[in-house]
Each structure stands twice: as structure tokens, then as C-alpha cells.
Amino acid sequence: MKMDTLCLHTGVEIDPVTGAASTPIYQASTFHQADWDNPPPYDYARSGNPTRHAVEEAIAKLEGGRRGFAFASGMAAITAVFLTLPAGSHIVACEDIYGGTFRALTRVFARLGITTTFVDATRLDAIEAAITPRTRAIYLETPSNPGMQITDLRGAVDIARRHGVLTIVDNTFMSPYLQRPHELGVDVVVHSATKFLGGHSDLVAGLVTVRDAALADDIYFIQNSFGAVLGPHDSWLLLRGMKTLAVRMKQSQATAQRLAEYLQGHPKVRRVLYPGLPHHPGHALHMSQADGPGAVLSFDIGDAAAVRRFVERIRYPLFAVSLGAVESILSYPARMSHASMPPEERARRGITDGLLRLSVGLEDADDLLTDLEAALAAV
Ligand SMILES: *Cc1c(COP(=O)(O)O)cnc(C)c1O
């Protein structure tokens, strides 16, 4: 099956009880147990709920994992994976990492004795050099945010296997439609399903998929023990969003490529970060491990004053955090997602005061281009 078909035919698309074309929202916390000697498949909804089960099966199919797990947010999903690590573990993570994951690692897991070394993950030698005898996992995002840096996933898996450590990839920016890390040997895939998988800026959700059966049991154990599960209604919204993942990704990506090329040639734009541009340093590597460059790009228009004029003039994109929605979303990393990062650290990572990130939605490409043109004229 091709991905477009798989988005619709995950094997759980029809309700087994009624034949309904859409998995019902099983709004129930507990389930009748007629015979306690033969426990039913569902007993209590923290442990399992049929609507959540459908979305867990769907993501497992799309990512090519053995099992999937749905959580109340991307951070709950990511945290659940870290909670499987033993006390005293060390993690090697990409330095261009999602802010919430940075906070969880440096301010929560550090308290529990799980430490992290952040490295420039575009360099495999830097990843390998950071591994210590206590290292249990390599945590990666590719493309990264907002720098759009590319990590060699096959190379990272190779290093991890040689050192006997897990590989965990946050696949939020690509979605399984464009990149399936399990196929490259990655052990654990995590998602903020709030973004492309949900796709409509109407829910917060997280997903995990794994290849190994024992690790799957452990993630399930953590999910049930900590209880940050996705509710039935949000599970249903997510299932609905995932059905149109392929068409949304395709159109948004085509528009993103066009906008990136336009911005690249604009005299007021200093640089464009998008793996679909041939001059992007990770272009060839990215295209060797993903099916497309995606729908998110970053571009630099100089300084904070220019950004203010641009944002005052732009009409269609929502000016907000988040990404991966039907509507385009423009965000300002220096003042939004990375505001809590010290300025010198931001500068070191290329998150300048002129950098904007655009998540391209489903608006007409000509309309978006005209909108960018007008806003740039005001800069
Ligand atoms: C949004 C995001 C997260 C966190 O997910 P939530 O659903 O907001 O908890 C993690 N990683 C990436 C790359 C994200 O964009």
C-alpha cells in the first residue's frame, strides 16, 4: 500500500461493533466485566479505550512500528519515553531541539539524575564523541527547529547500535507521510500530533511508536502508570485529521517549495532555511532519508524592526506558535518558542532577531506569495 492509501486504510477504520465508517467516540471510563475469569479487552480507560486504540493502531501502521501509544500531548509522549530510562542514564541530544524537550531534559530529568549532552547533530563524530558508558539514548530531530538542520539518521543508528544505545527521533516536522525513521533502523519515534497529524489547530496530542516488543511493553507500562493518556474525543479528532494527512502534506509542501524559491531570490531576505533548496547544506542527505522537504521553512529579514513591519502587514498566516495546520502559521522564534533562551545562546544557534518561521498551510499558493510580497515591500 502507498502512504496515501494507508492514511485511510489502517485496518481500524471501521468500527468492529457496528460497522460505522468512522470509529465512534467511546466516551466511557469503565467497561462492564461480565466474567472476571476472562477479562474483557477493555476494563478501565486509562489502561485502554477503543477510540484511543484505533489511533494507536493507525500511527503504528503509518510509521511502520510494532505498536503505537497516544498521549495527552507531545511532551507527555516524549516524557514517557525518557521515563523508561534507568536512573543515572545519560542522553545525547541534538542542540537544535524543541524548547519543551530542552526544558524537560534540563530541568526535570536532570533532577532525577538523568543527564543530557547537547551536540551539533549534523556531525556524526560529535554524536559519537559525546557517548559515555552511562549513555542510554540518542535523541534527534531532523529537520530541526527553526534551523532546519539535517541529521544523518542511518549514520546515527549505526553509532547507536555499535554502542548499544537507543535511538529516539522526534518526527513531528515530517510526519510519517514524508519520513519513517523506523525504516532507517530508529528504535523509537515520537510526535507532537498537535501539528501535522492532527492538522487543524484544534487539539493537543502526542504519539509514540516502537519496534521492539519489550520496549513496547515498557512504554505501555509507563503510559498506564503515569496516566497522561489521550481522551476519546481528542483521539477521534486525531483519527479524522490523519485521514487527510497525505493530501495536506502534498499541497502544503508544494506551496512551501514555491515560497522558499521566491524568498530565496528576494533582495530583502538574507537567507532561507529549507531542505528543498539545492543550496541547503543538508539537501542531499535529507532527500536520501525522507520523501520530501516538508511544509516548514525559516527565513531571515534582518532585524526586529523589519520583523515588526512585516508582521503588521502580513494578512493570511496566523501569527502564533505551533505549525502543521490547515492555515499557515508564522512564528517568531526569538520572541516565541526560544524567548527563554539566553540571547548569546540564541545567536550561537542562528536564531537571530530577523528570523521568522513559516508553516505553510492550504491557502492558494498565489495568494500566499502575493501576501509575502506585500509584507516584504513594507520592510
Ligand atoms: C510542538 C512540539 C513538541 C511538543 O508537543 P506538544 O503537543 O505541544 O506537547 C515536541 N516536538 C516538536 C518538534 C514540536 O514541534
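**Chat about a predicted model**

Me: Leaving aside its neighbours within four places in sequence, what is Ala 130 in contact with?
Reply: Once neighbours within four places in sequence are left out, Ala 130 is in contact with His 90, Val 92, Thr 117, Val 119 and Thr 135. Keep in mind that this is a predicted model.

Me: Where does Ala 130 have its place?
Reply: In the loop between α5 (124–129) and β4.

Me: And is Ala 130 buried or exposed?
Reply: Ala 130 is buried, since its relative accessible area is 12%, and the cut-off for buried is under 20%.

Me: How far apart are Ala 130 and Thr 117, in sequence and in space?
Reply: They sit 13 residues apart in sequence, and their C-alpha atoms are 6.8 Å apart in space.

Me: OK, on to the sheet. What's the order of the seven strands?
Reply: The order is β1-β7-β6-β5-β4-β2-β3, in an open sheet with mixed pairing. At the edges are β1 (67–71) and β3 (115–119), each of which pairs on one side only. On average, neighbouring strands of this sheet are turned by 20° against each other, direction ignored.

Me: In which sense do β1 and β7 pair?
Reply: Antiparallel, over five bridges, with β7 covering residues 206–210. One bridge partner to look at is Gly 206 in β7, which goes with Phe 71.

Me: What about β6, how many of its residues are buried?
Reply: Five of its five residues are buried, so β6 is mostly covered. Val 188, Val 190 and Ser 192 are buried on one side, and Val 189 and His 191 are buried on the other, which leaves both faces of β6 covered.

Me: In which sense does β6 pair with β5, and in which sense with β7?
Reply: With β5 the pairing is parallel, over three bridges. With β7 the pairing is antiparallel, over five bridges. Val 190 is a handy residue to click on: Asp 170 stands opposite Val 190 in β6, and Val 190 stands opposite Val 208 in β7.

Me: Which strands does helix α2 lie across?
Reply: Helix α2 (residues 50–63) lies across β1, β6 (188–192) and β7, and runs at about 130° to β1.

Me: And α3, which strands does that helix lie across?
Reply: Helix α3 (residues 74–82) lies across β1, β2 (90–94), β4 (135–141), β5 (166–170), β6 and β7. Its direction is at about 155° to β6.

Me: Change of topic. Where is the place of Gln 223?
Reply: Gln 223 is in helix α8, which takes in residues 213–226.

Me: Buried or exposed, that Gln 223?
Reply: Buried: the relative accessible area of Gln 223 is 1%.

Me: What does the side chain of Gln 223 make a polar contact with?
Reply: With the side chain of Glu 56, at 3.0 Å. Leaving out neighbours within four places in sequence, the contacts of Gln 223 are Arg 52, Glu 56, Phe 69, Ala 70, Phe 71, Ala 228 and Val 229.

Me: How many disulfides does the structure hold?
Reply: Zero. A disulfide is a covalent bond between the sulfur atoms of two cysteines. As for single cysteines, Cys 7 counts as buried because its relative accessibility is 5%, and Cys 94 counts as buried because its relative accessibility is 3%.

Me: Let's do α12. Which residues are buried there?
Reply: In α12 (residues 304–313), Ala 306, Val 307, Phe 310 and Val 311 are buried. They span an arc of only 125° around the axis, so they are on the same side of α12. The face turned away from that buried side carries Arg 308 and Glu 312, which are exposed.

Me: What covers the buried residues of α12?
Reply: The cover includes β9 (296–300), β10 (318–319), β11 (329–331), β12 (355–359) and α14 (365–377).

Me: And what caps the N-terminal end of α12?
Reply: Asp 303, with a side-chain oxygen 3.3 Å from the backbone nitrogen of Ala 305.

Me: Last one: where is Val 272?
Reply: Val 272 is in strand β8 (residues 271–273). Val 272 counts as buried because its relative accessibility is 4%. Leaving aside neighbours within four places in sequence, the contacts of Val 272 are Ala 260, Leu 263, Gln 264, Leu 277, His 279, Ser 298 and Phe 299.

Me: How far apart are the C-alpha atoms of Val 272 and Arg 357?
Reply: They're separated by 9.8 Å, with the two residues 85 apart along the chain.

Note on methods:
Residues are numbered from 1 along each chain as its sequence is written. This is a predicted model: local features need pLDDT of at least 70, side-chain atom pairs count only at pLDDT 80 or more; totals for chains, interfaces and linings use all residues. Side-chain values use heavy atoms; hydrogens and water are left out. Buried means under 20% relative accessible area, exposed over 50%, partly exposed in between (1.4 Å probe, protein chains only). Helices (H or I, at least four residues) and strands (E, at least two) are DSSP runs, numbered from the N terminus. The arc is that of the directions from the helix axis to the C-beta atoms. Contact means heavy atoms within 4.5 Å. A polar contact is a pair of N or O atoms within 3.5 Å; within protein, one must be able to donate a hydrogen and the other to accept it, and residues adjacent in sequence count only if both atoms are side-chain atoms. Two strands pair if DSSP finds at least two bridges between them. Axes are lines fitted to C-alpha atoms, for helices over the stretch in contact, and angles run from 0 to 180 degrees between N-to-C directions. A disulfide is a pair of cysteine sulfur atoms within 2.5 Å.
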